[in-house]
Amino acid sequence: MKLVSFGDELVKGKASPYFLAQMLKFDFVDMSSDDTCNQQIFRDVIKFLCEEPRDVFILIGWTSGNRLEINWNNKKFTYRPDVHDYYDNGINVLHDSDNILFNDILVGQHRASEAYVLQEILTSKDIPYYMYNTQDCIHFNEKTYLYLRSLNGKNYHNPLNKESSMKYFTQREESKNPDLDWANFLYDKISYKDGK
Amino acid sequence: MKYLVAFGCSHTNGSMLDGVNGSSEYNVRNGFPGILAKRHGYELINISKPGGSNQYIHRSVVEFLTHYHNKNDDYLFLINWTSRPRMELRYHEDSNCAHVTVGDYTDKKSVPFTIGTNASLFADKSVIKLLSYSPYFINLDVQAERWACWVYGLQQLLQAKNIKYFMSNTCEPLPQIAENISVVNQLNLQTYMEPFDTQNCMIEFLMDQNFEKTSCWHFRKDGHEAWADKLELRLRKLRYVE
């Protein structure tokens, strides 16, 4: 059995998914990447599923919703509302439109839609999985409520609460080894152990 | 009840069908989705928006499933993908800005955004400012990758839910590029009409047949009838309609 981990730079390498794989006695496949965004994570998982994988447990760490992939003069990276020190100062003009580019309702709707689609596909393919947020949450309001209600909460750790995200959990616990602590936390949460 | 639920952009919305309006109740009910619904005894639900992006189309299918779908009803989904240089934006809830179009379950805060759109269509300066920079964050190769993934996602989802569906392209074919080829190879070509072929996109197909297009590349009733005929042939093959 392999644990295949998708996510951002916070879960890349010898981070929590790596330790979780050890706890579960699974092989570890790291599909996470630096400076990714949720749209890219969705595509990475879809591409992986198209390879018809067998004997895998899929772990998805959704990143911040405030990341937009851009291609600025052939340099690809994510544009973020809280970053201003880009290599080209011209990029900062986009900040004038951050309120539109990162509308929390629309970001929440798209994010919940893609999580829902992946949950349904993984369930239909009988592939065990677990989702969590690495650093923020899906915005909850009347326009996102029904999307969120459709998500399987048993396989997605508290998507509505920022403090339930990995980053906030580990900061709150003032952990000396946050990756190991989050791995332990996930180990307790997931029901898929020993192939059951 | 039997429902034909149509998702798409202006072509699905019937833009300019009446020769006057970009979006009107008459156009929404009498374009190719309405024609097919009437022919085969379906109630029409038309969830389309002029300028709507593939991102919007994907979200609106999920929205319908999570908000309005009733397990006791019979559905046929017609998903009509559009062109790549588009994305969905949203006006702030507290602002007076609205993007009003006609259709079912419309949301006036949802803003269709296309590279090169006329700025006068937007009510918020923040959106207008984005027009100059849109090619930087609407990269066409990334859009082709996203499009293939949305198609695959919906294909698997609708199949798992046992919902009849059929997909077609209205504006352009789905490009096959290195970044999406593994996904493209998994698409169901029975339920997605020649996705890679320009001649089987609504615009090109109708122009090849010499149907008159409007100055904004839309079609009148005769064009919609012809496109409905073409889709109907495929729906018959799938035994979705008699």
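**Exercises on a predicted model**

A:K25 sits in the loop of chain A that runs between α1 and β2 (27-30). Keep in mind that this is a predicted model.

**Exercise 1.** Work out which burial class A:K25 and A:N158 fall into.

*Solution.* Start with the backbone: A:K25 isn't a glycine, yet its phi is positive, about 60°. Now count neighbours: 10 other C-beta atoms lie within 10 Å of A:K25. The cut-off for exposed is 12 or fewer, so A:K25 is exposed.

Next, A:N158, which lies in the loop between α5 (145-150) and α6 (166-172) of chain A. A:N158 is not a glycine either, and its phi is positive at about 35°. It has 15 C-beta neighbours inside 10 Å, so it counts as partly exposed.

**Exercise 2.** Describe how helix α1 (residues 16-24) and helix α7 (residues 178-189) of chain A pack.

*Solution.* First the geometry: the angle is about 50°, and the axes are 8 Å apart. That angle makes α1(A) oblique to α7(A). Then the hand: the crossing is right-handed. Finally the residues: from α1(A) come A:S16, A:F19, A:L20 and A:M23, and they meet a set in α7(A) including A:W182, A:L186 and A:Y187. Sorted by type, the contact residues of the two helices are eight nonpolar, one polar and one charged.

**Exercise 3.** Find which helix gives the most to the largest nonpolar core.

*Solution.* This core has 89 residues, and among those touching the most other members are A:I60, B:F77 and B:A148. The top contributor is helix α7 (residues 140-160) of chain B, with 10 residues. A separate second core holds 19 residues, including A:L101 and B:F122.

How values were computed
Residues numbered from 1 in each chain as written. Chains lettered and ligands numbered in written order. Predicted model: local features only at pLDDT ≥ 70, side-chain atom pairs only at ≥ 80, totals over all residues. Core = buried A, V, L, I, M, F, W, Y, C linked by C-beta atoms within 7 Å. Buried ≥ 20, exposed ≤ 12 C-beta atoms within 10 Å, placed from the backbone. Helix = DSSP H or I, 4+ residues; strand = E, 2+ residues; numbered from the N terminus. Axes fitted to C-alpha atoms, helices over the stretch in contact; angles between N-to-C directions. Parallel < 35°, antiparallel > 145°, perpendicular 65-115°, else oblique. Left-handed = near helix turned anticlockwise from the far one by under 90°. Contact = placed C-beta atoms within 7 Å. Nonpolar A, V, L, I, M, F, W, Y, C, P; charged D, E, K, R; others polar.
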